[in-house]
Amino acid sequence: MTAEQKLQNPTAGIVFVLIGILAISVNDMLIKFLSVGYPLHQMVFTRSLIGIGFSFALVQMEGGWRILKTDQPGLHLVRGLLIVIANLTFFTALAVMPLAEATAVFFVAPLMITLLSIPLLGEKVGPMRIGAVLVGFLGVVIMTRPWETGGEREVGLLMYALPVLAAFTYALNNVMTRFLGAKSKASAMAVYIQACFIVVSLLFWSVAGDGRFASELENDSLIFLLRAWVWPEGADRWLFIGLGFNSAIVGYCLGQAYRMADAATVAPFEYVGLPMAIFWGWVIWGELPNLPVAVGISLILGSGLFVFLRERQKKRHVVTEKRVHRRY
């Protein structure tokens, strides 16, 4: 039995991904809420600095400092940079897009994970699941409404490319998590990611931390990305601490989820983030999806659930065949 096979625990993987997605939902809400007064790279730095402290504590619980040693540093670096790109592009979109809409477009990621698991992990995906993935992509097209022209659009078409890019890099990250997780603990992988966030955000600070590149800009997304650092005051300090705590939960739980279950099983459960995003958007900003967005969300959600059900059906069939074979 290989190390990867010993880790198999689909139920635990599902529980971890649900906790991780809840933390992501809270994290997204907090970043959108704080985006009007703070730069993105400051929030990323602060939450990662706090988050890496929690991650170090988890490292001690899972085996101590020795588990941070890896013989695949290059792959872990690539994985870390992928999740950094996914976060930066998605959060930049949040500055100008409704939370539910940006989240819905981003949730093409589990569909991409299903497709990427074929060439990168050797997982088998049948024609019915491929068809469901295509239906999910159709939902994204309906939400982005590429047929509308400039005056009709509340959000420019180019902005939708940001959560799509975030979805692609996030999907690659999760596929790599599945591959690297056979040898690395979830807490160690969380530390690697937090370290990447800290280094990248410090580079942003060294170049644009004084806000000199944001002074002449009119695009809200770019201003959010390049605004000058501001020391948080009052309740905002607690929100920054909450970002750090959520960051640690996300890194650990998603790392565990994709270590303990195959991508096609875990990925559909990430769709619980869609109703969470709608809830936060409605409660805090009074945002409710319009008809095209609602239709798109329904198609993406439906396709994800179909993929999951087909995967479960396939696994039951395989188990039944093995039991019959053992009898004879």
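**Close-up views of a predicted model**

**Figure 1. Phe106 is a buried residue.** Phe106 has a relative accessibility of 13%, so it counts as buried, because buried means under 20% relative accessible area. The model shown here and in the views below is predicted.

**Figure 2. Helix α5 is largely enclosed.** This helix covers residues 99-106. Eight of its eight residues are buried, so the rest of the structure largely encloses α5. Among these buried residues are Leu99, Ala100, Glu101 and Ala102. Thr103, Ala104, Val105 and Phe106 are also on the list.

**Figure 3. Phe106 and Phe107 form an aromatic pair.** The model has eleven aromatic pairs. In one of them, Phe106 meets Phe107 edge-to-face. The ring centres lie 6.0 Å apart, and the planes stand at 85 degrees to each other. That angle counts as edge-to-face because it is over 60 degrees. Phe107 has a relative accessible area of 5%, so this residue is buried.

**Figure 4. Ring pairs build a cluster.** Which residues do the ring pairs link? The cluster holds Phe90, Phe91, Phe106, Phe107 and Tyr170. Phe106, seen above in helix α5, is thus one of the cluster's members.

**Figure 5. Two charged side chains sit over rings.** Lys32 lies over the face of Trp285, 5.5 Å from the ring centre. The ring of Phe197 has the charged end of Arg47 over it. Here the distance to the ring centre is 4.9 Å.

**Figure 6. Arg212 and Asp210 form a salt bridge.** How many salt bridges are counted? The count is one. The side chains of Arg212 and Asp210 meet, with 2.8 Å from N to O. Is Arg212 buried or partly exposed? Its relative accessibility is 45%, so Arg212 counts as partly exposed. This value falls between the 20% limit for buried and the 50% limit for exposed.

**Figure 7. A nonpolar patch lies on the surface.** The patch has an area of about 600 Å². Phe33, Phe279 and Trp282 are among the residues that make it. Val283, Ile284 and Leu288 belong to the patch too. Which helix gives the most to the patch? Helix α13, residues 273-285, does, with four residues.

**Figure 8. Val283 sits in helix α13.** This residue has its place in α13 and is part of the nonpolar surface patch. Its relative accessible area is 46%, so Val283 is partly exposed. A patch residue needs over 30%, and Val283, at 46%, passes that cut-off.

Conventions: Residues are numbered from 1 along each chain as its sequence is written. This is a predicted model: local features need pLDDT of at least 70, side-chain atom pairs count only at pLDDT 80 or more; totals for chains, interfaces and linings use all residues. Side-chain values use heavy atoms; hydrogens and water are left out. Patches are made of residues with over 30% relative accessible area and no salt bridge: like charges are joined within 9 Å, nonpolar side chains (Val, Leu, Ile, Met, Phe, Trp, Tyr) within 5 Å. Accessible areas come from the Shrake-Rupley method with a 1.4 Å probe; for residues, only the protein chains shown count as cover. A salt bridge is a side-chain nitrogen of Lys or Arg within 4 Å of a carboxyl oxygen of Asp or Glu. Helices (H or I, at least four residues) and strands (E, at least two) are DSSP runs, numbered from the N terminus. Buried means under 20% relative accessible area, exposed over 50%, partly exposed in between (1.4 Å probe, protein chains only). Rings of Phe, Tyr and Trp (its six-membered ring) pair if their centres lie within 6.5 Å; planes under 30 degrees apart count as stacked, over 60 as edge-to-face and the rest as tilted. A charge sits over a ring if NZ of Lys or CZ of Arg is within 6 Å of the ring centre and within 35 degrees of the ring normal.
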